[in-house]
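Where should a walk through this model begin? Take one helix, see what packs against it, and work outward from there.

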Amino acid sequence: MTDSKEPSETGTTASETDDAKKKPYVPIADRPLLGVPEAEALTGVPAKIIRANVRNGLLKACMAGSTTMRIRRRDLDEWLDMLPAWRA
């Protein structure tokens, strides 16, 4: 059995190859496409409301695959700008 800290034939350790396989982290605020949970976390608007506005055509969304809904960041920003202001 080999120790994972020892270099392999290519000169890299097992932990280095594991790190290379991980996806890079991109903050939600910098992503061009957002899933509904990410849009909810970014805006504070419940996912139920976001999905309802997509269904009603008030918020544009695109489908990535057959069931994965993605919202363009610029469309989300435009939708937020169109929301009415609350007046006391």
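Helices and strands here are DSSP runs, numbered from the N terminus; a helix has at least four residues and a strand at least two. With that in hand, look just past helix H3. Glycine 57 follows H3, and its phi is positive, near 80°. Keep in mind throughout that this is a predicted model.

Now step back into the helix itself. H3 covers residues 47-55, and asparagine 53 sits in it. Is asparagine 53 buried or exposed? Its relative accessibility is 13%, so it counts as buried, the cut-off being under 20%. Three contacts reach it from beyond its neighbours within four places in sequence: Leu58, Leu59 and Trp79.

Asparagine 53 has buried company in H3. Ala47, Ile50 and Val54 are buried there as well. Viewed down the axis of H3, the buried residues fall within an arc of 130°, so they line one face of the helix. The face turned away from that buried side carries Lys48 and Arg55, both exposed. Which elements cover the buried residues of H3? The cover includes helix H2, strand E3 (68-72) and helix H4.

Follow the contact from asparagine 53 to tryptophan 79. This residue belongs to helix H4. In sequence, tryptophan 79 and asparagine 53 are 26 residues apart; in space, their C-alpha atoms are 9.3 Å apart. Tryptophan 79 counts as buried because its relative accessibility is 4%. Leaving out residues up to four places away in sequence, tryptophan 79 touches Val45, Ile50, Asn53, Leu58 and Leu59.

Leucine 59 ties several of these pieces together in one contact list. Beyond residues up to four places away in sequence, leucine 59 touches Ile50, Asn53 and Val54. The same list for leucine 59 holds Ile71, Asp75, Leu76 and Trp79.

Many of these names return in the largest nonpolar core. How many residues make up that core? There are 11 in all: Leu34, Val36, Ala39, Val45, Ala47, Ile50, Val54, Leu59, Ile71, Leu76 and Trp79. Helix H2 (36-43), H3 and helix H4 (73-82) are the elements that give two or more residues to this core. H3 gives the most, with 3 residues. In soluble globular proteins, nonpolar side chains tend to be buried together.

Turn next to H4. Its buried residues are Asp75, Leu76 and Trp79. Around the axis they cover an arc of only 100°, which puts them on the same side of H4. On the other side of H4, Arg74 and Asp81 are exposed. The buried residues of H4 are covered by elements including E1, H2, H3 and E3.

That brings in the strands. An open sheet of 3 strands runs in the order E1-E3-E2, and its pairing is antiparallel. Strand E1 (33-34) and strand E2 (62-64) are the edge strands, each pairing on one side only. E2 and E3 run antiparallel and are joined by 3 bridges. Alanine 64 has threonine 68, in E3, as its bridge partner. Strands of a sheet pair through backbone hydrogen bonds, either parallel or antiparallel.

Charged pairs complete the picture. The structure holds 3 salt bridges. Arginine 72 forms one with aspartate 75, with the closest N and O atoms 3.7 Å apart. How exposed are the two partners? Aspartate 75 is buried, at a relative accessible area of 8%. Arginine 72 has 34% relative accessibility and counts as partly exposed.

Another salt bridge lies within H4. Here the side chains of aspartate 77 and arginine 73 meet, at 3.5 Å from N to O. Both residues lie in helix H4, 4 residues apart, about one turn of the helix. Aspartate 77 is partly exposed at 32% relative accessibility, and arginine 73 is partly exposed at 21%.

There is also the pair of arginine 31 and glutamate 38, whose closest N and O atoms are 2.4 Å apart in a salt bridge. Glutamate 38 is partly exposed, with a relative accessibility of 22%.

Definitions and conventions:
Residues numbered from 1 in each chain as written. Predicted model: local features only at pLDDT ≥ 70, side-chain atom pairs only at ≥ 80, totals over all residues. Heavy atoms only, no water. Buried < 20%, exposed > 50% of the residue type's maximum accessible area, 1.4 Å probe, protein only. Contact = heavy atoms within 4.5 Å. Core = buried A, V, L, I, M, F, W, Y, C linked by side-chain atoms within 4.5 Å. Arc of directions from axis to C-beta. Pairing = 2+ DSSP bridges. Salt bridge = Lys/Arg side-chain N within 4 Å of Asp/Glu carboxyl O.
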